[in-house]
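User: I've got this model open and I'd like to talk through how the charged pairs and the inside of the fold are put together. Can we go through it question by question?

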Amino acid sequence: MELLHRGTPVCRPQKVCLCPFLPVHPLKVSTCLYIIQHPAEESRVLRTVPLLAACLPEDKCKVLIGRRFSEDRHPELASVCKNSNTLILYPGAGATDLEEADLTSPDPYVIIIIDGTWSQAKDIFFKNSLFRIPKQVQLRTSLSSQYVIRTQPTNACLSTLECAAITLAIVEKNDVIKETVLRPLQALCSFQLQHGAQVHHSKEHLLKNGLYDKPMPKNKRKLRRMELLVNNVKI
């Protein structure tokens, strides 16, 4: 059986097919997502963006793949970034908690989300001036990631699909959206665990509990990041 979206099949054996966990019809949302995906994510087998895209109308979830984005080469994206109703989801000192942001505009919102590892997302955000035009927002949530088949840097880190699900629920003021979008991710993780996959604790959890079994990095910056994780310093 195939999970189909925009003509791109994601094939899985029938007994672990995720189609029954997807909405029968794409969710009706006014918000449009722009997923900026690092090229390395394309080759990952257990990605969350295809599941996210399968839950939404085609024109409400647009995926752009690359590392560098300029106004000349990406005029549509540049126009989106200059839209006053566009928000970019990226944590930091300059970010506003989305839960506290003014979302009263009658016009639809556009949310930009960067898809990649944290180091890849950081590189994309800071090396593309377009992404510092929109208002920067972040999620203030105590939700632990349900994407337990992939190691996260910290206990508070969420997958792209989880970030999108929570963000859409807040902007659209509809918690059913979050539950619906998370359902195929929960099924994916359940299937993988049933067939031999192991639960992946965050790197923060492993370091704090003396369970990190890989060689410590020689790079001083990476080593410093690990020290911050152990000492509960936000990075």
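User: Is Glu 100 buried or exposed?
Analyst: This is a predicted model, so read the values as computed ones. The relative accessible area of Glu 100 is 55%. The cut-off for that end of the scale is over 50%, so Glu 100 counts as exposed.

User: Which residue forms a salt bridge with Glu 100?
Analyst: Glu 100 sits in the loop between S6 and S7, and its partner lies 40 residues apart from it, in the loop between S8 and H4. The closest N and O atoms of the pair are 2.5 Å apart. The partner is Arg 140.

User: Which other acidic side chain does Arg 140 meet in a salt bridge?
Analyst: Arg 140 is partly exposed, at 46% relative accessible area. The other acid belongs to strand S6 (residues 96–97), 43 residues apart from Arg 140. At 16% relative accessibility it counts as buried. With 3.6 Å from N to O, that side chain is Asp 97.

User: How many salt bridges does the structure hold, then?
Analyst: Side chains of opposite charge can pair when their charged atoms come close. Here Arg 140 pairs with Asp 97 and also with Glu 100. Counting over the whole structure, the number of salt bridges is six.

User: What joins Arg 68 and Asp 123 in a network of salt bridges?
Analyst: Arg 68 is in the loop between strand S4 (61–65) and helix H2 (75–82), while Asp 123 is in helix H3 (residues 118–126), 55 residues apart. Their closest N and O atoms are 3.0 Å apart, and Arg 68 is partly exposed at 38% relative accessible area. The further member of this network is Lys 127.

User: Moving inside, which helix gives the largest share of the largest nonpolar core?
Analyst: In soluble globular proteins, nonpolar side chains tend to be buried together. The largest core here has 39 residues, and Leu 33, Leu 52, Leu 56 and Val 181 are those with the most contacts inside it. Among the elements that each supply at least two residues are strand S3 (32–37), helix H1 (49–55) and helix H4 (160–172). The largest share, eight residues, comes from H5.

User: Which residues does Leu 52 touch, leaving out those up to four places away in sequence?
Analyst: Leu 52 is one of the residues with the most contacts inside the largest core. Its contacts include another of that group, Leu 33. The full set is Leu 33, Ile 35, Cys 61, Leu 161, Ala 164 and Val 181.

User: Which residues point one way from S5, and which the other way?
Analyst: In a regular strand the side chains alternate between the two faces of the sheet. In S5, the four residues in question are all buried. Thr 86 and Ile 88 point one way, and the other way point Leu 87 and Leu 89.

User: What stands opposite Leu 89 in S8?
Analyst: S5 has parallel neighbours: four bridges join it to S7, and three bridges pair it with S8. On the S7 side, Leu 87 has Ile 111 as its bridge partner. On the S8 side, the residue opposite Leu 89 is Val 137.

User: Which residues does Thr 167 touch, again leaving out those up to four places away?
Analyst: Thr 167 belongs to helix H4. It is buried, because its relative accessible area of 1% is under the 20% cut-off. Its contacts are Leu 89, Leu 98, Ile 111 and Leu 139.

Definitions and conventions: Residues are numbered from 1 along each chain as its sequence is written. This is a predicted model: local features need pLDDT of at least 70, side-chain atom pairs count only at pLDDT 80 or more; totals for chains, interfaces and linings use all residues. Side-chain values use heavy atoms; hydrogens and water are left out. A nonpolar core is a set of buried Ala, Val, Leu, Ile, Met, Phe, Trp, Tyr and Cys residues joined through side-chain atoms within 4.5 Å. Buried means under 20% relative accessible area, exposed over 50%, partly exposed in between (1.4 Å probe, protein chains only). Contact means heavy atoms within 4.5 Å. A salt bridge is a side-chain nitrogen of Lys or Arg within 4 Å of a carboxyl oxygen of Asp or Glu. Two strands pair if DSSP finds at least two bridges between them.
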